[in-house]
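Work through the exercises below with the sequence and the structure side by side. Try each task before reading the solution that follows it.

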Amino acid sequence: MSTTTSTPPGIGRDDLARLAEHWDEPRSLRAWLTTVDHKKIGRRYLVTAAFFFVLAGLSALVMRTQLARPESGVLSPQEYNQLFTMHGTAMIFLFATPMLFGFGNFLVPLMIGSRDMAFPRLNAFGYWAFLFAGLFMWASLPFGAAPNNGWFAYAPLNQEQHNPGLHMDVYALGLLFLGISTTAGAINFIVTALKLRAPGMSLNRVPLFVWAIVATAFMVVFALPALNTDNALLFLDRRFDTHFFDPGGGGNVLLWQHLFWIFGHPDVYIIVMPGLGIVSAVLPAFTRRGVVGYPLIVLAIVAISIVSFGVWVHHMFATGLPQLSYSFFSAASTIITIPSGIQIFAWLATMMLGRLVLRVPLLFVIGFIVTFVLGGFTGAMFALTAFDQQVTDSYFVVAHFHYVLLGGALFPILAGIYFWLPKITGRMYHEGLGRWAFWLVFTGMHVTFFPMHLYGLFGMPRRVYTYRSDLGWDVGNLISSIGSYVLALGLLLVLIGVVHAIRRGRPAGPDPWEGDSLEWSAASPPEAYNFPVIPHVHSLHPTWDERTVESTTTGATKDRILSEGKRTLFTSELDARPERAAQMPEPSFKPLVLAGVLLVFFTALLLGAYPVAVAAVLAVAATIAAWLWPPRRPDEEIGIAS
């Protein structure tokens with residue numbers, strides 16, 4: 001039940017009842033399995049990604065326990081390799097991007113004044129494919145068959161002769177399966193943001209969070225094919241004796257690294273970019289002003305999404321490639337810090353010029369800036385080829401990597417959880433509990449990872465499951481392990497705070513923060529149809545603009561055509577001029593069935609049941625045909641006068 005005060009003025013109860021009749025879904029198992037509501041799917045992404053984060057975090061705690069003391073026997077080398085690989089793979093592929101896409105699923109339609117995503121059934125399919133791909137990979141761990149060659153899976157150690165068993169087959173097939181979900185989600189975000197914006201929301205009025213999600217989606221579309229190609233070739237090498245990565249058969253081990261990092265370095269920004277968007281969304285509510293330099297931030301987002309594709313050899317400075325080529329990638333690695341720096345200075349200027357309201361979301365934003373800037377300093381150091389070659393494969397790299405990704409993704413994610421929790425649940429969190437969580441997370445993060453810079457410089461290599469006691473690394477590792485438990489305690493308090501808010505939090509109301517974007521003009525949690533009337537946007541800060549606010553509470557007659565069915569409004573790409581009202585699809589089992597058939601297909605490939613895999617391909621084709629077959633109703637699209 002949404003937290004609303006009364007029926008909006010200018011809108012009759014009959015209008016709301018008509019909208020509810022078309023958009024509401026009954027509470028039943030069938031509805032749970034067939035829903036295409038972007039808000040429910042967004043919540044599922046958030047919960048499922050958090051579940052995979054817990055599994056990856058527990059893996060990290062076990063590893064840190066193993067490394068707390070020299071020559072420890074908590075884990076065998078084989079067990080350590082599997083936990084190490086699943087930790088990294090889950091954090092990169094099953095937590096960070098899906099969690100941020102979960103925020104996007106819930107918020108993008110609300111922020112742009114739409115009633116759903118452009119392709120609701122594709123959105124549901126993306127979630128089910130993500131869930132099944134994650135379970136496919138984690139289910140291998142109890143059987144001792146989990147991926148074991150690192151989340152980067154370098155050749156030639158990923159080859160059958162060096163790594164027998166199902167370990168790397170699970171990796172290759174699991175990421176191919178997951179790639180289908182990620183691609184579907186990215187395409188949906190692009191079309192939604194371009195075609196479903198509220199009238200008047202021209203490109204210069206699009207929220208920065210939406211800009212960040214769209215830039216991320218474009219990067220996914222262009223970067224993911226390289227990773228998919230890598231994994232497809234790896235599976236062919238392992239199962240059908242091709243030699244793409246086998247030098248003995250005319251292959252090249254560096255081909256894996258080139259393809260992987262053509263995806264992998266943009267993926268750093270695929271992970272970080274939505275986090276930067278969250279920061280830009282949070283700041284106006286707690287500084288009481290718009291973010292400084294909106295056009296520059298948009299240009300910085302676009303610049304990062306382009307330049308990131310020219311930096312992949314940054315990860316290969318120690319592979320023996322020609323020295324001249326290193327200079328170009330070193331320059332690109334330095335240049336990409338400029339647009340990131342522009343955003344940092346814009347946020348600092350916003351805080352300096354605004355009136356700060358120091359609540360938990362803003363604390364996590366400040367923690368993000370501190371941590372991300374420190375990670376950026378070491379990143380600039382890696383742009384220098386000579387330094388990079390000295391610290392390659394040391395714990396200095398591990399420290400830098402976690403400062404960038406935890407600083408650039410985890411802190412914004414936590415800021416977003418506290419910021420939008422009232423909108424998602426309709427309840428406020430406990431401020432004191434949230435502050436304790438922040439200080440434990442902030443302290444634990446730096447105590448865990450800062451010492452890694454030092455014992456990395458002292459020579460400790462990464463990816464080792466133990467070390468001797470006479471090497472001088474024991475004190476630093478013990479401190480890092482203690483810090484990891486402090487970090488885990490802070491994250492546990494975040495979880496407790498979320499549960500407390502859902503069960504006992506006070507009602508939030510539609511806009512507890514006095515935010516500036518359109519989601520704060522909807523009920524908390526939003527109704528199934530999001531907005532009683534599609535808003536008409538007149539400025540960059542619509543909920544601070546009286547004309548836009550008035551458009552969300554009046555004009556029901558004008559939008560009558562949008563309340564007569566399950567319809568949303570399509571607008572032009574540049575200026576968001578109304579074009580047509582489109583009928584949105586009803587709930588369906590087809591997304592779940594298609595994802596389930598794909599699970600059968602990849603499981604059959606893993607187990608070598610190729611006839612079953614062929615049958616699954618036919619079932620996939622039949623499901624897609626059934627999905628696309630329903631005839632168009634004559635009222636499906638209705639023109640709207642500008």
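**Exercise 1.** Decide whether Val311 counts as buried, partly exposed or exposed, and find its place in the chain.

Solution. The model is a predicted one, and in it Val311 has a relative accessibility of 1%. Buried means under 20% relative accessible area, so at 1% Val311 counts as buried. Next, look along the chain, where Val311 is found in the loop between helix H9 (294-307) and helix H10 (323-335). If neighbours within four places in sequence are set aside, Val311 is in contact with His265, Phe329, Ala332, Ser333 and Ile336. As a last step, take the C-alpha atoms of Val311 and His453, which are 142 residues apart along the chain and are separated by 23 Å.

**Exercise 2.** Describe the surroundings of Trp151, and say which residues are in contact with Trp151 when its neighbours within four places in sequence are left aside.

Solution. Begin with the place of Trp151, which is in the loop between H5 and H6. Its relative accessible area is 11%, and the limit for buried is under 20%, so Trp151 is buried. The residues in contact with Trp151, leaving aside neighbours within four places in sequence, are Thr85, Gly88, Thr89, Ile92, Phe93, Tyr171, Phe260, Trp261 and Phe401. For one of these, Ile92, the separation can be stated as well: the C-alpha atoms of Trp151 and Ile92 are 8.3 Å from each other, with the two positions 59 residues apart along the chain counted as their distance in sequence.

**Exercise 3.** Examine the backbone at Ala153, Pro156, Pro525 and Asn530, and state what is found at each position.

Solution. Start with the loop between H5 and H6, in which Ala153 lies. Ala153 is not a glycine, although its phi is positive, at about 55°. The relative accessible area of Ala153 is 0%, so this residue is buried. Pro156 lies in the loop between helix H5 (120-138) and H6, and the peptide bond that leads from Ala155 to Pro156 is cis, with omega near 5°.

Then turn to the loop between helix H16 (474-504) and helix H17 (546-551), where Pro525 is found. Ser524 and Pro525 are joined by a cis peptide bond whose omega is about -10°. Asn530 lies in the loop between H16 and H17, and it has a positive phi of about 70° although it is not a glycine. With a relative accessibility of 2%, Asn530 counts as buried.

**Exercise 4.** Explain why the pair formed by Tyr80 and Phe84 is stacked.

Solution. The structure holds 53 aromatic pairs. In the pair of Tyr80 and Phe84, the ring centres are 6.3 Å apart and the planes are at 10°. Rings pair if their centres lie within 6.5 Å, and planes under 30 degrees apart count as stacked, so the pair of Tyr80 and Phe84 is stacked. Both residues lie in helix H4 (residues 77-112), and they are 4 residues apart, about one turn of the helix. Their accessibility is the final step: Tyr80 counts as buried at 3% relative accessibility, whereas Phe84 counts as partly exposed at 21%.

**Exercise 5.** Find where the charged end of Arg44 sits, and where Arg580 lies.

Solution. The charged end of Arg44 sits over the ring of Trp32, at 4.3 Å from the ring's centre. Arg580 lies over the face of Phe570, and here the distance to the ring centre is 4.3 Å.

**Exercise 6.** State how many cavities of 30 Å³ or more the structure holds, and describe the lining of the largest cavity.

Solution. There are 5 cavities of 30 Å³ or more, and the largest cavity has about 160 Å³ of space. Its lining is made up of 14 residues, among which Pro207, Leu208, Ser280, Pro284 and Asp516 lie nearest the centre. Helix H7 (208-240) and helix H8 (253-287) are the elements that give two or more residues to this lining, and H8 gives the most, with 3 residues. Sorted by class, the lining of the largest cavity has 9 nonpolar, 4 polar and 1 charged residues.

Key
Residues are numbered from 1 along each chain as its sequence is written. This is a predicted model: local features need pLDDT of at least 70, side-chain atom pairs count only at pLDDT 80 or more; totals for chains, interfaces and linings use all residues. Side-chain values use heavy atoms; hydrogens and water are left out. Rings of Phe, Tyr and Trp (its six-membered ring) pair if their centres lie within 6.5 Å; planes under 30 degrees apart count as stacked, over 60 as edge-to-face and the rest as tilted. Buried means under 20% relative accessible area, exposed over 50%, partly exposed in between (1.4 Å probe, protein chains only). A charge sits over a ring if NZ of Lys or CZ of Arg is within 6 Å of the ring centre and within 35 degrees of the ring normal. On a 1 Å grid over the protein atoms alone, a cavity is a set of points where a 1.4 Å probe fits but cannot get out, and a pocket is an open set with protein on both sides within 12 Å along at least five of seven lines; lining residues have an atom within 4 Å of a point. Grid points are joined across faces, edges and corners, and a volume is the space filled by probe spheres set on the points. Ala, Val, Leu, Ile, Met, Phe, Trp, Tyr, Cys and Pro count as nonpolar, Asp, Glu, Lys and Arg as charged, and the others, Gly among them, as polar. Contact means heavy atoms within 4.5 Å.
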